[in-house]
Amino acid sequence: MVLSKAASQSDVSVHSTFASRYVRHSLPRYKMSENSIPKEAAYQIINDELMLDGNPRLNLASFVTTWMEPECDRLVMTAINKNYVDMDEYPVTTELQNRCVNIIAHLFNAPLGDDETAVGVGTVGSSEAIMLAGLAFKRKWQNKMKELGKPHDKPNIVTGANVQVCWEKFARYFEVELKEVKLTEGYYVMDPDKAVEMVDENTICVAAILGSTLNGEFEDVKRLNDLLLEKNKQTGWDTPIHVDAASGGFIAPFLYPELEWDFRLPLVKSINVSGHKYGLVYAGIGWAIWRTKDDLPDELIFHINYLGSDQPTFTLNFSKGSSQIIAQYYQLIRLGYEGYRNIMENCQENAMVLKEGLEKTGRFTIVSKDHGVPLVAFSLKDNSRHNEFEISDMLRRYGWIVPAYTMPPDAQHITVLRVVIREDFSRTLAERLVLDIEKIMHELDTIPSRVTEKITTDEEHAVVVKKTALEVQREITDAWKKMVADHKKKTKGVC
Amino acid sequence: MVLSKTAGDADENLRCTFASRYACSSLPRLKIPEGSMPKEAAYQIVKDELMLDGNPRLNLASFVTTWMEPECDQLIMAAINKNYVDMDEYPVTTELQNRCVNIIAHLFHAPVGDDGTALGVGTVGSSEAIMLAGLAFKRKWQAKMKLMGKPFTNPNIVTGANVQVCWEKFGRYFDVELKEVKLREGYYTMDAGEAVELVDENTICVAAILGSTLTGEFEDVKLLNELLTKKNEETGWDTPIHVDAASGGFVAPFVYPDLEWDFRLPLVKSINVSGHKYGLVYAGVGWVVWRSHHDLPDDLVFHINYLGSDQPTFTLNFSKGSSQIIAQYYQFIRLGFEGYKSIMENCMQNAKILKEGIAKTGRFDIVSKDVGVPVVAFSLKDSTNYTVFQISESLRRFGWIVPAYTMPPNAEHVAVLRIVVREDFSHTLAERLISDMEKVVKEFDAMPPRAAVKEAHVTADDGKRSEKSVLEVQRDVFSYWRRISDKKSSGVC
């Protein structure tokens with residue numbers, strides 16, 4: 001009687017993940033595999049590959065929140081299977097959105113009576129919010145022109161060249177012309193005077209930015225309002241203003257409450273803000289607020305009998321998660337006014353620490369202003385030998401992700417590095433970053449610049465250049481960069 | 001020397017949440033509160049209020065996934081702070097999206113090779129996907145008309161009246177006319193012949209639905225393709241097809257692999273599918289795939305220098321979470337073809353059991369078909385004494401959320417209840433639902449007919465309080481609550 005089992009028949013489920021065959025086979029990339037694999041293996045494989053992504057908290061390129069309290073994480077996870085759009089099924093979640101809209105509208109001084117409900121909506125981000133606001137302006141303007149018997153096929157928006165890409169998207173996808181006020185060296189936001197000059201009869205709105213992506217500056221919305229009021233009196237065109245407060249909307253009310261940029265200015269008809277930037281919520285939430293019901297044409301709102309009840313909806317997206325809306329409400333009641341103010345003040349102080357540290361090296365010009373969104377944008381005083389892109393590359397070795405980019409026209413010759421100070425960027429991290437940047441400047445000083453390197457490898461001279469360890473390291477880095485760039489080419493055609 | 005502290009100074013931090021003052025003050029609704037509150041209190045208060053939301057898993061109204069494996073939940077939470085759009089910072093996450101696009105393209109028989117060059121994008125849902133596909137058709141058509149020197153200001157899409165609301169949104173927001181093929185009683189999808197008849201020179205595409213919202217049916221895309229090919233030969237207009245496979249795209253390949261509805265049909269140029277429906281991922285992910293590069297005009301794709309590197313992008317949304325995309329990839333490799341097939345077969349089986357149980361009560365007509373998405377839609381044979389809307393409300397008492405709604409034109413007189421069978425709706429739950437439905441039906445049968453009920457209300461007004469049954473009071477409370485919750489949501493979308 002044979003009692004033993006053959007060795008190879010041991011139960012596959014007994015194998016630890018890294019002992020199993022699943023880590024020996026290549027993962028399917030472009031086709032679904034025939035068979036299932038154990039969930040532990042699926043988890044481990046994906047988790048491991050994702051280790052090679054950047055660390056979100058060291059991603060100093062982004063304004064978007066990368067840390068929330070564990071209590072909030074619990075709320076987020078509990079709501080992960082709630083489809084926000086099922087308003088009838090989840091009335092409390094819907095009510096929470098309404099409360100957020102009202103809270104934010106009041107924060108922006110919307111002219112509401114005590115019991116009056118604000119007009120606004122939660123979106124997936126400021127892109128969607130801007131498209132909705134733009135649509136409202138476009139439709140209002142078209143209706144006005146139709147009534148006047150004038151042509152309404154060439155709407156335009158006046159904005160600065162520093163505008164975020166979603167405005168250009170809106171323009172291209174919704175067939176509105178973008179009239180951009182060019183920047184100039186040293187002046188990196190929209191000039192209100194030039195903007196008002198560009199306004200014509202077909203302008204559906206002027207878009208001002210509170211917290212320019214490039215250097216964090218607030219545009220002078222008050223001056224824009226005053227100049228535009230005058231022009232409106234002369235022309236009778238009634239051109240309105242939209243404020244893109246994607247980053248600034250949750251900073252100005254707490255740090256600069258006296259700054260008039262919101263509905264206190266009569267021409268401001270709608271505002272968007274990103275809940276996932278200084279609203280302190282994870283990626284996936286924005287807010288669009290209108291001044292009054294009159295600023296949002298009824299015909300854009302859908303009343304649908306979907307899944308059994310009437311649901312009024314003005315969004316581009318339909319199904320989406322509920323977690324971020326609940327998280328936004330959590331933050332608003334958890335922190336309150338004093339909490340948000342404290343956090344913004346901390347960010348501002350840490351930005352100063354970083355700025356002063358950079359100034360002390362003597363190598364950088366600070367391009368950002370102190371007044372605005374807490375970020376530090378800086379460029380090299382002398383970029384003849386090495387440029388800002390090299391610094392950005394080298395910072396990656398330390399784990400920091402600090403982007404470098406050129407300014408829009410007409411200041412394309414200016415390149416900056418930009419560090420965004422978020423809630424979770426403490427003073428300790430700021431000091432460490434300054435240290436690492438100093439290290440990099442020392443390294444770069446010892447490396448010949450790219451231009452001179454070319455000369456030394458000229459064949460005519462047949463000089464063999466002895467490469468230092470550093471040069472070899474740089475070559476490897478360059479090769480790696482090229483590999484990544486080539487790898488990225490594969491993604492061309494897939495957005 | 002006074003050593004004692006006054007009672008009122010007792011350390012706020014020592015109090016358990018429900019002993020603290022936060023549990024007896026009203027939560028701010030309209031304005032931001034001045035002060036902060038402890039995180040435990042904020043957590044508890046919000047969590048408690050949310051207890052009054054419906055239970056997502058008992059929400060039988062929705063196709064959208066309400067359960068995933070704990071391992072996947074772990075991946076989701078780990079990625080919750082990753083902004084998907086930072087492609088340069090998170091190259092692996094970006095790569096995972098590309099793989100998903102390719103996997104789906106192959107599933108739909110797109111004519112692509114094995115080198116990862118399928119054309120498509122992850123979106124927040126099918127709404128965004130449809131808008132992108134529609135934009136591509138609109139731009140292509142405009143370019144064509146401009147070349148021919150013809151007017152291009154009145155584009156239209158031909159579709160059925162059973163179309164989901166996002167098509168109407170697309171039409172209204174992007175200035176495209178919607179030419180809808182009307183339904184009729186007994187035929188609740190788009191008639192291919194009538195659709196092709198409606199096609200004219202300004203038609204940018206014909207949109208067919210694989211998995212109608214109302215009854216789960218698949219439209220006959222193959223027939224549409226044949227008829228449209230013929231018409232194109234006559235007219236030379238080259239009108240293309242888009243398939244809205246929001247629910248059906250992850251059902252057909254596994255349950256009906258021989259059904260030709262996808263890129264196997266030459267006129268189909270783009271397809272959208274919801275990852276968060278039968279793709280088995282939580283709400284927040286959809287996919288759109290194009291046949292080839294020719295079907296996506298270049299000038300719609302943005303190449304931007306944002307946050308420091310070149311990022312090609314064709315989406316409406318920009319910043320968004322990465323969790324759902326990672327979860328979608330998890331499902332693809334975790335389940336594989338056999339896994340998806342087994343789950344869909346289970347769903348179909350459970351739908352069948354549900355259908356048979358409902359039919360056995362003898363009160364209902366089954367409106368949904370067996371072939372299609374696992375959905376059971378049914379109407380009352382006799383609505384004189386009570387309606388499907390009342391049944392829907394009564395089922396809520398048991399915890400079930402089963403919606404009732406009227407069909408679109410020209411079948412508005414037909415009202416149905418609809419149950420969607422998702423992955424996490426087991427045989428046991430199906431049996432329980434049937435038994436609860438039988439209870440509800442019995443209750444209604446036992447009630448006096450409507451005329452008598454109306455009289456009861458009249459006598460109440462006269463001052464004579466007629467005794468309302470517990471049920472009637474409950475129903476009144478229910479209607480009152482519904483009216484309140486409806487009011488609150490107007491003015492804010």
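The exercises below, each with a worked solution, concern a predicted model.

## Exercise 1. The interface of the two chains

Task: State how many residues of chain B are in contact with chain A, and describe the interface by area, polar pairs and residue class.

Solution.
Step 1. Start with the contacts: 137 residues of chain B touch 133 residues of chain A.
Step 2. Turn to the area. The size of an interface is often given as the accessible area lost when the parts come together. Here chain B and chain A bury about 12400 Å² between them, and 59% of it is on carbon and sulfur atoms.
Step 3. Count the polar links. The interface of chain B and chain A holds 51 residue pairs in polar contact, both residues being at pLDDT 80 or more.
Step 4. Find the main contributor on chain B. Helix α3 (residues 91-107) of chain B gives the most to the side that touches chain A, with 13 residues.
Step 5. Sort that side of chain B by class: it has 64 nonpolar, 37 polar and 36 charged residues.

## Exercise 2. Salt bridges between the chains

Task: Give the number of salt bridges across the interface of chain B and chain A, and work through the pair Lys82(B) and Asp53(A).

Solution.
Step 1. Over all chains the count of salt bridges is 49. Across the interface of chain B and chain A, 14 are found.
Step 2. Take Lys82(B) and Asp53(A): their closest N and O atoms are 2.7 Å apart, and the two form a salt bridge.
Step 3. Place both residues. Lys82(B) lies in the loop between α2 (70-78) and α3 of chain B, and Asp53(A) in the loop between α1 (39-50) and α2 (70-78) of chain A, so this pair joins two chains.
Step 4. Check the exposure: Lys82(B) and Asp53(A) are both buried.
Step 5. Add another pair. Asp175(B) and Lys138(A) meet through their side chains in a salt bridge of 3.3 Å, N to O.
Step 6. Add a network: salt bridges link Arg29(A), Glu49(A), Glu95(B) and Arg99(B).

## Exercise 3. Two salt bridges in chain A

Task: For the pairs Glu95(A) with Arg99(A) and Arg139(A) with Glu299(A), find where the residues lie and whether they are buried or exposed.

Solution.
Step 1. Glu95(A) and Arg99(A) form a salt bridge of 3.3 Å, N to O. Both are in helix α3 (residues 91-107) of chain A, 4 residues apart, which is about one turn of the helix.
Step 2. Glu95(A) is buried, as is Arg99(A).
Step 3. In the salt bridge of Arg139(A) with Glu299(A), the closest N and O atoms are 3.7 Å apart. This pair links distant parts of the chain, 160 residues apart: Arg139(A) is in helix α4 (residues 126-148), and Glu299(A) is in the loop between β7 (286-290) and β8 (302-306).
Step 4. With a relative accessible area of 10%, Arg139(A) is buried. Glu299(A) has 36% and is partly exposed.

## Exercise 4. Cysteines and helix α5 of chain A

Task: Explain why Cys72(B) forms no disulfide, and describe the setting of Cys166(A).

Solution.
Step 1. A disulfide is a covalent bond between the sulfur atoms of two cysteines. The structure has 0 disulfides over all chains.
Step 2. Cys166(A) is in none, and the nearest cysteine sulfur, in Cys205(A), is 12 Å away.
Step 3. For Cys72(B), the closest cysteine sulfur is that of Cys100(B) at 11 Å, which is too far for a bond, since the cut-off is 2.5 Å.
Step 4. Both residues are buried: Cys72(B) has a relative accessible area of 0%, and Cys166(A) has 3%.
Step 5. Cys166(A) is one of the buried residues of α5(A), which also include Trp167(A), Phe170(A) and Tyr173(A). In this helix (residues 165-173), 7 of the 9 residues are buried, so the helix is largely enclosed by the rest of the structure.
Step 6. Look at the two ends. At the start of α5(A), a side-chain oxygen of Gln164(A) comes to within 2.8 Å of the backbone nitrogen of Cys166(A). Just after the helix, Glu175(A) has a positive phi of about 55°.

## Exercise 5. The surroundings of Ser274(A)

Task: Locate Ser274(A) and list its contacts.

Solution.
Step 1. Ser274(A) belongs to strand β6 (residues 268-274) of chain A. Its relative accessibility is 0%, so Ser274(A) counts as buried.
Step 2. The side chains of Ser274(A) and Lys277(A) are joined by a polar contact of 3.3 Å.
Step 3. Apart from neighbours within four places in sequence, Ser274(A) is in contact with residues including Ser126(A), Phe250(A) and Ile285(A).

Notes. Residues are numbered from 1 along each chain as its sequence is written. Chains are lettered from A and ligands numbered from 1 in the order in which they are written. This is a predicted model: local features need pLDDT of at least 70, side-chain atom pairs count only at pLDDT 80 or more; totals for chains, interfaces and linings use all residues. Side-chain values use heavy atoms; hydrogens and water are left out. Buried means under 20% relative accessible area, exposed over 50%, partly exposed in between (1.4 Å probe, protein chains only). Contact means heavy atoms within 4.5 Å. Buried area is the accessible area (1.4 Å probe) that two parts lose on being put together, summed over both. A salt bridge is a side-chain nitrogen of Lys or Arg within 4 Å of a carboxyl oxygen of Asp or Glu. A polar contact is a pair of N or O atoms within 3.5 Å; within protein, one must be able to donate a hydrogen and the other to accept it, and residues adjacent in sequence count only if both atoms are side-chain atoms. Ala, Val, Leu, Ile, Met, Phe, Trp, Tyr, Cys and Pro count as nonpolar, Asp, Glu, Lys and Arg as charged, and the others, Gly among them, as polar.
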